[in-house]
Amino acid sequence: MKELNEKLAEWAFDKEECDLQHPCEGGHYIADDKIFYGSWGLPNFTESIDASFKWLVPKYVSELGTMPYLFSRWLELIERGVEPAPALCLVLEKLIDEGG
Ligand SMILES: [Zn+2]
C-alpha cells in the first residue's frame, strides 16, 4: 500500500526537490498548511480515513466529482469486504485515473 499512498500524495500535494543539506527520500510534499519531508513522512492514507478526508476528499470534490458518487463507489468496495480506509484510497485512485 506504500505505492498507493505515494501515488495519492503525488496527486494531492505539490512537490519540490529536496536540497542536499537534508536529503529527504521522495522530496518535499507541499500541502496548503504543511510540508511533508520525504515520502516516509506522508499521511498514511491507506490506514487513516481521517487523513484521506483531510487531504484527499476535498480535492476530489473540488476537481473531480461529487461526494454521493464517491460514497457509492466506496460502499461498493466495503460491501465486497475491503477495509474502509484502503477501500477509500482504491476508489480515489480509480476515479483519479478515470478523471472523475
Ligand atoms: Zn528535504
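In this predicted model, Val 82 is found in the loop between helices H3 and H4. With 16 other C-beta atoms within 10 Å, Val 82 is partly exposed, and, once its neighbours within four places in sequence are left aside, its contacts are Leu 77, Ala 87 and Leu 90.

One of these contacts, Leu 77, has its place in helix H3. Leu 77 is likewise described as partly exposed, because 18 other C-beta atoms lie within 10 Å. Residues up to four places away in sequence not being counted, Leu 77 touches Val 82, Ala 87, Leu 90 and Val 91. In the case of Val 91, the separation from Leu 77 is 14 residues in sequence and 8.0 Å in space, taken from C-alpha to C-alpha.

**Helices packed against H4**

Two packed helices are described by the angle between their axes and the distance between the axes. The table gives these values for three pairs that involve H4.

| Helix pair | Distance between axes | Angle between axes | Handedness of crossing |
|---|---|---|---|
| H3 (residues 67-79) and H4 (residues 84-98) | within 9 Å | roughly 130° | right-handed |
| H2 (residues 49-63) and H4 | within 10 Å | roughly 20° | left-handed |
| H1 (residues 2-12) and H4 | 11 Å | about 50° | left-handed |

The axes of H3 and H4 cross at roughly 130°, and the two helices are therefore oblique to each other. On the H3 side the contact involves Leu 70, Arg 73, Trp 74, Leu 77 and Ile 78, which meet Pro 84, Ala 87, Leu 88, Leu 90 and Val 91 in H4. Sorted by class, the residues of this contact of H3 with H4 comprise nine nonpolar, no polar and one charged. Leu 77, already introduced through its contact with Val 82, is thus also among the H3 residues that meet H4.

For H2 and H4, the axes come within 10 Å and cross at roughly 20°, which makes H2 roughly parallel to H4. Here Ile 49, Ser 52, Leu 56 and Tyr 60 in H2 meet a set of H4 residues made up of Pro 84, Ala 85, Leu 88, Cys 89, Leu 92 and Leu 95. The contact of H2 with H4 divides into nine nonpolar residues, one polar residue and no charged residues. Pro 84 and Leu 88 of H4 are named in the contact with H2, and Pro 84 and Leu 88 are also named in the contact with H3.

H1 and H4 pack at an angle of about 50°, with their axes 11 Å apart, and H1 is therefore oblique to H4. From H1 the residues Leu 4, Lys 7, Leu 8 and Trp 11 take part in the contact, while H4 contributes Cys 89, Leu 92, Glu 93 and Ile 96. By class, the contact of H1 with H4 holds six nonpolar, no polar and two charged residues. Cys 89 and Leu 92 of H4, named in the contact with H1, are also named in the contact with H2.

**The sheet**

Apart from the helices, the model has an open sheet of three strands, ordered S1-S2-S3 and paired in antiparallel fashion. Strand S1 (14-16) and strand S3 (35-37) stand at the edges with a single partner strand each, so one side of each is left without a neighbour in the sheet. On average, and with direction ignored, neighbouring strands of this sheet are turned by 25° against each other.

Strands of a sheet pair through backbone hydrogen bonds, either parallel or antiparallel. Strand S2 (residues 28-30) runs antiparallel to S3 and is joined to S3 by three bridges; within this pairing, Ile 30 has Ile 35 in S3 as its bridge partner.

Asp 14 is found in strand S1 and, with 11 C-beta neighbours inside 10 Å, counts as exposed. The C-alpha atoms of Asp 14 and His 28 are separated by 8.2 Å, although these residues stand 14 residues apart along the chain.

**The loop between S3 and H2**

Ser 39 has its place in the loop between S3 and H2. Since 16 C-beta neighbours lie inside 10 Å, Ser 39 counts as partly exposed. Its contacts, leaving aside neighbours within four places in sequence, are Glu 6, Glu 25 and Gly 26. From Ser 39 to Glu 76, which is 37 residues apart from Ser 39 along the chain, the separation of the C-alpha atoms is 30 Å.

Note on methods: Residues numbered from 1 in each chain as written. Predicted model: local features only at pLDDT ≥ 70, side-chain atom pairs only at ≥ 80, totals over all residues. Axes fitted to C-alpha atoms, helices over the stretch in contact; angles between N-to-C directions. Helix = DSSP H or I, 4+ residues; strand = E, 2+ residues; numbered from the N terminus. Parallel < 35°, antiparallel > 145°, perpendicular 65-115°, else oblique. Left-handed = near helix turned anticlockwise from the far one by under 90°. Contact = placed C-beta atoms within 7 Å. Nonpolar A, V, L, I, M, F, W, Y, C, P; charged D, E, K, R; others polar. Buried ≥ 20, exposed ≤ 12 C-beta atoms within 10 Å, placed from the backbone. Pairing = 2+ DSSP bridges.
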